[in-house]
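Colleague: Before I rely on any of the labels attached to this model, I would like to hear what each of them rests on.

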Amino acid sequence: MTDSPVISTVDYDAPGRQFGRLQIPRSTNESGWSNLVVPLVSIANGRGPTVLVTGGVHGDEPEGQVAALNLARETRPEDVRGRLIIIPCLSPEASRAYTRLWPSGANLNRSFPGSPAGTPDEVLADYVTRVLFPLAAAVCDIHSGGRSMLCLPWSEIHLVENRGQRAAMWNAMLAWNTDYHFVYIDIAGGGLLVGEAERQGKIVVGTELGGGGHVTAETHGLAARGLRNFLRHAGVLAGKAETRAALGLPEPVILKALDRDDYLLAPESGLFETRVALGQTIEAGQAVGRLHFVEAPDRVPVDIIAQTSGIVCSVRALAPTQQGDCVMVIGQVCRREELV
Ligand SMILES: [Zn+2]
């Protein structure tokens, strides 16, 4: 096994709180001898599980970055049982550019498991895969709809094969206490961070919080509360996890989108108009959106037809749309008993 060229300034075995960084060697047009720097925080205190929290895999998703930065600053070692490893932003240059992808065009969430001899995104993915995941019992990767999509805020899981792992992930998903939870498949390629963590048997939870290019105070609050409750549930933050019932909230709605037809793709390029709202119940065959053609005012817009019935989970937020872009996701209400 080739050693990773990544340098970590954090001693993972040391107690207390360390603000450090990962340095990924690279060479750019502006600097022949450069390091890509990724901030990293470790907070360790006594016995307990190790949990890894990641934000900013995609640069246009500030929700997780803000929640993780606040968590890192506000969590004292005495609040921790075990070890909390926080990477508030895995893609700092994409965050600065407010773009989903890295300036190189890399999508870090397609770079896993990575390679120690690859491009900088692959080298970083390889370090997370071979050094950080093996330390962790649970992983939480915080995403949102970014600039391109608006999502009902939710926490989410894949239906992993191992039933024990699946049940643990289901319970950890619920600990976010969002109104909605989401069970999904990958329709746009592999190489996801969560996929590799799942292959290593970890308890893995993701989120899609809002999006559409801006963040409300409500969504920031939800991210802060959800993340902390997840960490209490995982046993790494002191205190008992709160349930929705204890908070006086109704049962959450659990949505599954396990059929490719639940993900509606633009049949051709155009200007997208949604005709439904997030959370709305729709029927298969319903026209849920239209594509307009600004260069051809006489052309009748093309209807986008729902292929499945259910609840609108996610709607495209960027109106200019290319053929094949996802414009909507439909989820069906489901119960734990049918999936776990
Ligand atoms: Zn994302």
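Modeller: What follows takes the labels one at a time and sets each against its criterion, for a model that is predicted.

Colleague: What makes E7 and strand E8 partners in a sheet?

Modeller: Pairing requires at least two bridges, and four bridges join strand E7 (residues 149–157) to E8, with the two running parallel; one position to look at is Ser155, which stands opposite His181 in E8.

Colleague: How do you know that E8 and E10 pair as well?

Modeller: The criterion is again at least two bridges, and E8 and strand E10 (residues 253–257) have five, in the parallel sense. Within E10, Ala257 is the bridge partner of Tyr184.

Colleague: Why is strand E8 called mostly covered?

Modeller: A residue counts as buried if 20 or more other C-beta atoms lie within 10 Å of its own, and five of the five residues of E8 (residues 180–184) are buried, so the strand is described as mostly covered. Tyr180, Phe182 and Tyr184 point one way from E8, while His181 and Val183 point the other way, and all are buried.

Colleague: Why is the unit of E7, helix H4 and E8 called right-handed?

Modeller: The term applies if, with the strands pointing away from the viewer, the path from the first strand over the helix to the second runs clockwise. E7, helix H4 (residues 163–174) and E8 make a β-α-β unit that is assigned as right-handed.

Colleague: Why are E15 and E17 said to stand at the edges of their sheet?

Modeller: That sheet is an open one of four strands in the order E15-E14-E12-E17, with antiparallel pairing. Strand E15 (302–305) and strand E17 (320–321) each have a single partner strand, so one side of each is left without a neighbour in the sheet. Strand E12 (residues 270–274) is joined to strand E14 (residues 287–292) by four bridges, the two running antiparallel, and here Phe272 stands opposite Leu291 in E14.

Colleague: How do you know that domain 1 and domain 2 touch, and where are their bounds?

Modeller: The domain assignment gives domain 1 (7–256) and domain 2 (259–335), and their C-alpha centres lie 29 Å apart. Contact requires C-beta atoms within 7 Å, and 16 residues of domain 1 are in contact with 15 residues of domain 2. On the side of domain 1 that touches domain 2, the elements giving two or more residues are E7 and E10, and the residues of that side divide into nine nonpolar, five polar and two charged.

Notes. Residues are numbered from 1 along each chain as its sequence is written. This is a predicted model: local features need pLDDT of at least 70, side-chain atom pairs count only at pLDDT 80 or more; totals for chains, interfaces and linings use all residues. A residue is buried if 20 or more other C-beta atoms lie within 10 Å of its own, exposed if 12 or fewer, and partly exposed in between; C-beta atoms are placed from the backbone. Domain bounds come from an automatic or database domain assignment. Two residues are in contact if their C-beta atoms, placed from the backbone, lie within 7 Å. Ala, Val, Leu, Ile, Met, Phe, Trp, Tyr, Cys and Pro count as nonpolar, Asp, Glu, Lys and Arg as charged, and the others, Gly among them, as polar.
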